[in-house]
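Visitor: I am new to this structure and should be grateful for a close look at a single part of it. Please take me through that part step by step.

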Amino acid sequence: MAAITFFADVLGQEAVKAGLERALEAGRLPHGVLFYGPKGTGKFAAAHSLAKVILCEKKSGCGDCAGCKKTAAMSHPDLLITIPLPSAGSPPEKKKEEARQAVYTDFLEKKRKNPYNPVWKENADFITVSDLQNLQERLSRKPMEADWRVAILVEADRLQLPQGANKLLKTLEEPHKNTLIILIAERPKNLLPTILSRTQKFFFPPLSSERAAGFAAKEFGLSKKAAGELAAMASGSIAKLYFLQKEEELERRQQAWEVLKLTLSGQEAPLFLALKMAADTRKKEEVLSFLSWLEVFLWEFFCLSELKQPERVASADLRPEFEKAALASKTSFPYLAALHEVGKTRVDLERNVNFRLALFWLFARILRAKPSQLLKPPITQVR
Ligand SMILES: [Zn+2]
């Protein structure tokens with residue numbers, strides 16, 4: 001008999017798929033799992049596929065039964081999807097409630113079309129405490145149609161602290177029989193250790209450029225050459241493939257590279273001018289995207305100049321420029337400290353601080369960090 005392939009719709013991620021398949025076949029799936037890793041690596045697609053198997057009448061994700069069809073349409077009553085949403089106000093206001101509903105419907109619609117489609121949720125900074133309360137109540141009841149309930153928490157690292165985290169912890173601590181809770185997070189460090197310890201963790205690394213190119217060719221109808229060029233810029237992230245369809249995103253990527261070049265060469269005046277430009281927007285989404293490019297480049301630069309692993313540089317189009325800049329910089333740069341600072345700024349932005357100030361402070365801190373503050377490279381973890 002051929003091996004069952006539960007996750008045919010999930011790109012790459014062989015290790016995750018093999019781990020989940022083993023657990024499913026042995027009937028040893030834990031109550032809580034955490035899918036973590038960079039944006040656009042298929043965490044939601046995998047969670048959705050896993051839900052399909054569990055809510056399938058034949059427990060295979062056959063695609064034909066009512067359970068599979070409803071899960072595919074994201075309308076199965078035993079599939080509970082929780083995402084960060086704007087607050088409804090307290091006491092709840094009708095207008096805000098409608099806005100929340102609109103964000104949620106838009107999310108489901110886009111994910112239904114393609115689970116890899118990245119969805120920006122305007123003003124949706126946190127998973128609210130009342131949504132977690134609601135989830136907890138629904139999970140305490142019996143499944144409605146299937147014999148299991150599956151809860152997916154998207155961006156589970158964005159909880160209202162501390163009440164939200166405590167609610168989630170309670171939900172994980174008192175698992176009901178036949179309940180699976182899937183947490184999805186880009187930055188699991190933001191989750192409480194007590195939450196982390198109650199989940200089985202699956203890491204989603206960036207996808208290979210071949211896989212990303214294949215996706216781009218199929219989904220966007222690009223030629224092989226165009227798909228390859230797009231994939232070379234996307235750093236193994238399908239979300240970035242979607243973003244890069246827009247001219248502005250290409251500019252933002254270029255902007256992030258310019259900023260990093262100026263930082264590496266210590267040209268402060270043009271650097272702060274470039275930062276002012278990057279912050280010149282009303283959309284938080286755009287500043288976050290600028291920071292995410294910066295993270296990609298810092299990491300790749302670190303791999304190139306400190307770890308001496310050029311093969312880890314996924315941004316193939318910039319590689320010659322990277323190498324030139326790496327050769328030109330005589331002193332070592334605090335890449336990891338800088339990455340840490342960028343991560344902190346992303347969290348700050350989620351709490352609605354002034355964009356320009358946030359970016360200025362970020363680079364003031366990065367320029368002040370000395371290479372001696374360089375954290376030990378996580379050699380054991382980078383493989
Ligand atoms: Zn089925």
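Which residues of β4 lie on one side and which on the other, and are they buried or exposed?

Guide: The model before you is predicted. In strand β4, T179, I181, L183 and A185 lie on one side, while L180, I182 and I184 lie on the other; all of these are buried, and both faces of the strand are thus covered. Strand β4 spans residues 179-185, and seven of its seven residues are buried, so the strand is largely enclosed by the rest of the structure.

The surroundings of β4 are best understood from the sheet to which the strand belongs. Five strands form an open sheet in the order β2-β3-β4-β1-β5, with parallel pairing. At the edges stand β2 (79-82) and β5 (200-203); each has a single partner strand, so one side of each is left without a neighbour in the sheet. From one strand to the next, the twist averages 15 degrees. As a general matter, strands of a sheet pair through backbone hydrogen bonds, in either a parallel or an antiparallel manner.

Consider now the two neighbours of β4, beginning with β3. Five bridges join β3 to β4, and the two run parallel. One pair to locate is L153, whose bridge partner in β4 is L183. Between these two strands, the chain passes from β3 through helix α6 (residues 163-173) to β4, and this β-α-β crossover is right-handed.

The loop between β3 and α6 contains E155. This residue has a positive phi of about 55 degrees although it is not a glycine. Most residues other than glycine have a negative phi. E155 counts as buried, because it has 23 C-beta neighbours inside 10 Å and the cut-off for a buried residue is 20 or more.

On its other side, β3 (residues 149-153) is joined to β2 by four bridges, and these strands also run parallel. Here I81 stands opposite I152 in β3.

The other neighbour of β4 is β1, which covers residues 32-36 and is joined to β4 by five bridges, again in parallel. Two pairs mark this connection: G32 stands opposite I181 in β4, and L34 stands opposite L183 in β4. L183 is therefore a useful residue to find on the display, since L153 is its bridge partner as well.

Like β4, strand β1 is covered on both faces: G32, L34 and Y36 on one side and V33 and F35 on the other are all buried. Five of the five residues of β1 are buried, so this strand too is largely enclosed by the rest of the structure.

From β1, the sheet continues to β5 through four bridges, and these two strands run parallel. Y36 stands opposite F203 in β5, and with β5 one arrives at an edge of the sheet.

To retrace the path, one may follow the order β2-β3-β4-β1-β5 across the sheet, pausing at β4, where both faces are covered by the burial of their residues.

Terms used
Residues numbered from 1 in each chain as written. Predicted model: local features only at pLDDT ≥ 70, side-chain atom pairs only at ≥ 80, totals over all residues. Axes fitted to C-alpha atoms, helices over the stretch in contact; angles between N-to-C directions. Buried ≥ 20, exposed ≤ 12 C-beta atoms within 10 Å, placed from the backbone. Right-handed = clockwise from strand over helix to strand, strands pointing away.
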